[in-house]
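I'm opening the notebook on this one and going through the sheets, the core and a few residues in turn. Short notes, in the order I looked things up.

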Amino acid sequence: MFNNDEFGSPLGKILFVDTKSSTERNGAYSSDITLAKTKKFDVHNLNGASNPDSSIPYKGINNTPGRSKQWKLYVGGVQVNENNAHDILDDGGSAVFDATNKQLILTNLNATSLQGAGIANSEIDNLTIVLKGNNSIATSFPQGPGLALSHPTKIIGKGTLTIKSGERSAGIYINKSILTIDNCQVSVVGNLGICGYDGSSNEMLILNNAKFNVDVSKGVLFQMNKFILNDCHITEPDGVIFLDEEHALFDNSGKLLLRHLVIENDKAFNSNQTLEKSCDVKVVAIYSILGEPLESFQKGINIVRYSNGQVKKLIW
């Protein structure tokens, strides 16, 4: 808090412009205004009008009269608002937000965020990301995901999207929400692949007739409640399965799938070829190494029978 003497006049003014939701929750905004009033500052609200009342209502910057509308949607670390929605980054390529249709349209975008996620949707239900040309999003922030979603989001379009995470985060982080990749091509590279909140909070990744590649070093997909393939098929590696009980993808040796995944849409296959949708396979029984039925996986060796008739030995 500034002292009046620093302004050289008792008529100094303070304009509070705080966009942090945590400020509203912890009451710091009201406390700051009250303190400013006791220091005899002329406090102005966000639209610039003087208010003699010591309790100026805080409704968040999105609802402030006289300011441009903002959304909790970020591209390359830049928050989307009415003034920049026509070209959010203005640095080559294009990222356009159509608020009416809830569409974020990417055209040959190459964006890197210096802080936080490459793209983050923290507000908009049923946002659609439309791909045109070849697009790339990344973050140089170590804990930042490439794509962070806390509201249902769909990716569509004839273009491509490559997503790169920070060195200690996931390429795609789905926070208690759903991501649908529909009839387009998406790749994830970096440290971790796709990560949910905790595996039991409705995190879902749905692929519809999509091409999806993951090349990472420490885990392809984990902490997900559901992983659903429609009209697409895991081609690499062989024997990959999603285990509902573990909320993750496992390889054919029963270990967490760490590095590589390729999914092709079914149109890429010969129509006469038999397709097995690996992630539709369910665990129907678990046995100990002695053949005794188990209610859940135990440490050590588990014999697992699946709904497609396969039996595998998994090491936990």
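**Entry 1: one sheet.** I began with an open sheet of seven strands, which reads β5-β6-β9-β12-β15-β18-β21 in order and has mixed pairing. I should say at once that this is a predicted model. At the edges I find β5 (94–98) and β21 (226–230), each of which pairs on one side only. From one strand to the next I get an average twist of 15°.

I then looked at how β5 sits against β6. The two pair in the antiparallel sense, over five bridges. For a residue pair to click on, I noted Val 96, which stands opposite Ile 105 in β6. Reminder to self: strands of a sheet pair through backbone hydrogen bonds, parallel or antiparallel.

**Entry 2: Gln 103.** I stayed in strand β6 (residues 103–107), where Gln 103 lies. Is Gln 103 buried, exposed or partly exposed? I have it as partly exposed, because its relative accessible area is 25% and the cut-off for buried is under 20%.

Next I listed what Gln 103 touches, leaving aside neighbours within four places in sequence. Its contacts are Val 96, Phe 97, Asp 98, Leu 127, Thr 128 and Val 130. I checked Thr 128 by distance too: Gln 103 and Thr 128 are 25 residues apart in sequence, yet their C-alpha atoms are 4.8 Å apart.

**Entry 3: the other sheet I looked up.** Here I have another open sheet of seven strands, in the order β7-β10-β13-β16-β19-β25-β22, again with mixed pairing. β7 (110–113) and β22 (232–236) are its edge strands, each pairing on one side only. Neighbouring strands are turned by 15° against each other on average, direction ignored.

I took the β7 edge to begin with. β7 runs parallel to strand β10 (residues 134–139), and four bridges join them. Asn 110 has Ser 136 as its bridge partner in β10. Which side chains of β7 are buried? Ala 111 and Ser 113 are, and they point to one face; Asn 110 and Thr 112 point to the other face and are not buried. That is the textbook pattern, I'd say: in a regular strand the side chains alternate between the two faces of the sheet.

Then I went to the β22 edge. β22 and strand β25 (residues 260–265) run antiparallel and are joined by four bridges. Ile 234 stands opposite Ile 263 in β25.

**Entry 4: the nonpolar core.** I asked for the largest nonpolar core and got 51 residues. The residues with the most contacts inside this core are Phe 97, Leu 147, Ile 155, Ile 181, Leu 205, Leu 207 and Phe 212. I picked Leu 205 to follow up. Beyond its neighbours within four places in sequence, Leu 205 is in contact with Ile 174, Leu 179, Ile 181, Ile 194, Phe 212, Leu 221, Met 224, Lys 226, Phe 227 and Ile 228. Apart from the largest core I noted another, of 13 residues, including Leu 192, Phe 222, Ala 248 and Ile 286.

**Entry 5: Ser 177.** I found Ser 177 in the loop between β14 (170–174) and β15 (178–182). Buried or exposed, I wondered, for Ser 177? Buried, with a relative accessible area of 4%. With neighbours within four places in sequence left aside, I count among its contacts Leu 149, Ser 150, His 151 and Pro 152, as well as Ser 201, Asn 202, Glu 203 and Met 204.

**Entry 6: salt bridges and cysteines.** How many salt bridges did I get? The count comes to two. In one of them Asp 182 pairs with Lys 154, with the closest N and O atoms 4.0 Å apart. Asp 182 is in strand β15 and Lys 154 in strand β12 (residues 153–157), so the pair ties together parts 28 residues apart in sequence. I have Asp 182 as partly exposed at 23% relative accessibility, and Lys 154 as partly exposed too, at 32%.

I also noted Arg 168 and Glu 167, whose side chains meet in a salt bridge at 3.1 Å, N to O. Glu 167 is exposed, with a relative accessible area of 55%.

Disulfides: I count zero. I still looked up two cysteines: Cys 184 is buried at 6% relative accessibility, and Cys 232 is buried at 0%.

Conventions. Residues numbered from 1 in each chain as written. Predicted model: local features only at pLDDT ≥ 70, side-chain atom pairs only at ≥ 80, totals over all residues. Heavy atoms only, no water. Core = buried A, V, L, I, M, F, W, Y, C linked by side-chain atoms within 4.5 Å. Buried < 20%, exposed > 50% of the residue type's maximum accessible area, 1.4 Å probe, protein only. Contact = heavy atoms within 4.5 Å. Pairing = 2+ DSSP bridges. Axes fitted to C-alpha atoms, helices over the stretch in contact; angles between N-to-C directions. Disulfide = S-S within 2.5 Å.
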